[in-house]
Amino acid sequence: MSRKNTSKNRNPQNVKREGDPIPWRYCLLTLGCGLILVGGFFFAARQHFSSIDYGIKNSQLKKQKDELETAQRQLLIDKEFALSPTSIKKVAKEYGFTEVAASIESLYTESKDTKVKPKTEKISDTKTVVKKSDVNTRKEEKKPENKTIVKTDSKTKKGV
Amino acid sequence: MLIVAFFVLWIGGIGARLVHLQINQHTELRGKALNQRRDTVKEKQLRGTIYDRDEHPLAMSLKVKSLVADPSEIENIEATSKQIAKILNVKTETILKPLKEGKERNKRFVYLARKLDDATVKNINERLETAELKKNDLPKYTGLHWREEQKRSYPHNSLAAQLIGFSNGEDVGSAGIEQSQETLLHGAVTKTWRDRDRYGRVYDEEEIEREEPKDVVLTISNSIQYKVEQALEKGVKAANAKSGIAIAMNPRTGEILAMANYPSFDPNRYTEFAVENYTNRAVQNMYAPGSVFKIIAFGGALNENLIKADGEINCGNGVIKMNGRDDIVDKHCHQTISYTDALAVSSNYATIKTAKLLGNENFFDYSQRFGFGKPTGIEVPAEARGTVRSPANADSLASMSIGYEVNVTALQTLSAYGTIANDGVRVTPRLIKEIRQDGKAISTTEAETTQVMSAETAKNLRRMLEKVVTGGTAKRAKLNGYTAGGKTGTAWKYNATLKKYDENKYISSFIGFAPAENPKIVIAVVLDEPQGGARDGGQVSAPIFREIAESVLPELGIKPDTNIKNETVADEDIPTETETTATKKTEKKSVETKKEPKKEEEKPSTQKTKESAAQKPKTETKNKSSGK
């Protein structure tokens, strides 16, 4: 049985002794790791704070978007209000435009008593009124028609 | 060694505490942390928009804010009330009273000011600032909070008010399309959590639940609706009628282009108007149609080949004997007359004879086929179904054929005339064109069709109805540049209290279409109780039809199909109801000469217009069937 004498093969440079200084490359490695760690922490912190910052900005933008959408809706409604025929009519009147005489009303005036046309008095650009005296004339002219009918007290029908 | 042991114990202690906090107290601490930085906000989304067919918004919601208070958080109610009242420019009592009551009853929610616009909110926020810092988007005043709400706006005011309806203070549809389409339009409540930093700034948020409300696009046209409303208003005022209805429809598609009611209301301030004005009379009110209903007898008989349009009917002396009822005397129908002329002059004799030829069952069947006696299915609430029953006997058939003992809505009559205009195919009237979500159409409505009569019959009936306009009771419906057809109707109103027809109250209507050969539009005009002297459908409703058709047809791009002429028709040229019918009670033998009932005092139309405009209708007499 042979016994190896390892001490002879040992490199004396590799042998650590108490009080020996730590090799500089270990120091560098530790320092590097430390720096990376600290840098990582800083980076994470920066990321965290910037994400909060972005979050705040994002929420502000959302709020702004909501406000703009509300404003847009308001403007749309205002536009519709302004473009509605009633508003246009009102504005047109303010600018001195007048309405064309209503054809239905003229039809009515021409209708019942076409022979005796009521005199009209223009009181404004758009309205006409019939003189009371003319109305009386019309009433007088419309004499009740004598008609032979059978007296009845029950419901009767008509239709046109 | 001791130092090492101390450090081990120290670090071990900290570790143990951390484990205890992280594991044993995890839930509690997490809750506390979230509470500190997180809000869960519930918001009601804006209600969907209602558009007309040309994309004009008819009803739209806006975000507004309401100022609310939690009285339990306010220490000095009097001082606070005084300050808030000053800012809101109201009396102190207005604020003090609810706050005091709230405090006494331990309420934690009291409204102080509702639905304020953005500018007012900013102003209040600035003036309510106190040193005590609250979250920066809330009022900086202890006990006060903003509550996000919405306000419904109707930019066209009273335009199509009864049709669109309105939503109440709680944003729930209460009438019209707003009510019928509530499930689509209502804004769902969304939940959002928001994380805040120590300054109250939101740095993270997420919506948990959200469903976009839907928008409704209607078939009505803003511009046509306005023209129809204007014509109706003028017509109602000129006839001094109690109220009026006008509807315009495309007979091919069933799309309602306009549905007008007069008097109307402004949905932006609906509380200021009489409740009666909210009623969409076009679909909710029933009335005896009178002669408008004569198309059932003529249409049915033509379709069954029982009569021909140019065929002749012998009227004899024009008297129809009725068993136990008033005899019907028709002055227009003497000796021989063609069916076309009989319809043109609205002959009751010819109609009753034709209905008898058609028979009870067939008459009832055609009434139903035309859509009477059942709701049309239009997308508005509370649609009346009308009353049409199988005629009990010959007298009943006679009454029904001339439009009594039946109740219809204006929309039903419009739909029936739309059938004639559309070559005998009845198309369900509809108001909704499409439903949208996020600006994209998610559903479109398809019209249901039913063949009621042959195309040939419809064509013949159209020609007969054209004669009504060219040489019958509806001469005032003659259009400039367009041919038109239609039928007038003048019926007495049924007085439910007296249980008989009221001879002084009329429903005067005209339902017509244009151009006569290839109709593009059907218009129904119904006036309730015209009192301006003229009262027949041909006198008061036909001119409204004319005005509507003449202004709408060019807008629809329909080219004139006849010479343009401007005719004025005098009353003498129009067969009136007194000439058309007379009545005789056979049971009573006493015959006497009697003056025609004196008409109500005649006033010039313009003068009446002023009076009627000043009056607000209070109640509407419900028109019921005779039920003899």
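These are my notes on rings, backbone oddities and nonpolar cores in this structure, which is a predicted model.

**Aromatic pairs**

I started with the rings. Over all chains I find 15 aromatic pairs. I picked B:Tyr270 and B:Tyr278 to look at: their ring centres are 6.3 Å apart and the planes meet at 70°, so I put this pair down as edge-to-face. The cut-off for that label is over 60 degrees.

Next I asked myself: are these two tyrosines buried or exposed? B:Tyr270 has a relative accessible area of 19%, so it is buried. B:Tyr278 comes out at 18%, and that counts as buried too. Buried means under 20% here.

Then I went to B:Phe293 and B:Phe363. Their pair is also edge-to-face, with 6.2 Å from centre to centre and 65° between the planes. Where do these two phenylalanines lie in chain B? I located B:Phe293 in the loop between α10 (281–284) and α11 (294–303), and B:Phe363 in helix α14 (residues 360–369). The pair therefore ties together parts that are 70 residues apart in sequence. Both B:Phe293 and B:Phe363 are buried.

I also followed ring pairs from one residue to another. They link B:Phe166, B:Phe265, B:Tyr270, B:Phe273 and B:Tyr278 into a cluster, so the tyrosine pair from my opening entry, described there as edge-to-face, turns up again in this group.

**Charges over rings**

Which ring does the charged end of B:Arg38 sit over? I traced it to B:Trp193, with 3.7 Å to the ring centre. I noted another case at B:Arg436, which lies over the face of B:Tyr51 at 5.8 Å from the centre of the ring.

**Backbone oddities**

A reminder to myself: most peptide bonds are trans, and most residues other than glycine have a negative phi. So I went looking for exceptions.

I found a cis peptide bond from B:Tyr262 to B:Pro263, with omega near 5°. B:Pro263 has its place in the loop between β10 (256–262) and α10 of chain B. The bond from B:Ala514 to B:Pro515 is cis as well, with omega near -15°. I see B:Pro515 in the loop between β20 (500–514) and β21 (521–528) of chain B.

For positive phi I wrote down B:Asn305, near 60°. B:Asn305 lies in the loop between α11 and β11 (312–314) of chain B. Its relative accessible area is 68%, so I call B:Asn305 exposed. B:Asp423 is not a glycine either, yet its phi is positive, at about 55°. I place B:Asp423 in the loop between α16 (410–421) and β15 (425–427) of chain B. With a relative accessible area of 30%, B:Asp423 is partly exposed.

**Nonpolar cores**

I finished with the cores. Which residues touch the most other members of the largest nonpolar core? Out of its 132 residues, I get B:Ile256 and B:Phe370. Helix α18 (residues 537–555) of chain B gives the most to this core, with 8 residues.

I then listed what B:Ile256 touches, leaving out residues up to four places away in sequence. Its contacts include B:Thr219, B:Ile220, B:Ile247, B:Met249, B:Ile378, B:Leu411 and B:Leu431. B:Pro429 and B:Arg430 are also among them.

Apart from the largest core there is another one, of 20 residues. I noted B:Ala85, B:Leu99, B:Ala113 and B:Leu116 among its members.

Methods: Residues numbered from 1 in each chain as written. Chains lettered and ligands numbered in written order. Predicted model: local features only at pLDDT ≥ 70, side-chain atom pairs only at ≥ 80, totals over all residues. Heavy atoms only, no water. Phe/Tyr/Trp six-rings, centres within 6.5 Å; stacked < 30°, edge-to-face > 60°. Buried < 20%, exposed > 50% of the residue type's maximum accessible area, 1.4 Å probe, protein only. Helix = DSSP H or I, 4+ residues; strand = E, 2+ residues; numbered from the N terminus. Lys NZ or Arg CZ within 6 Å of the ring centre and 35° of its normal. Core = buried A, V, L, I, M, F, W, Y, C linked by side-chain atoms within 4.5 Å. Contact = heavy atoms within 4.5 Å.
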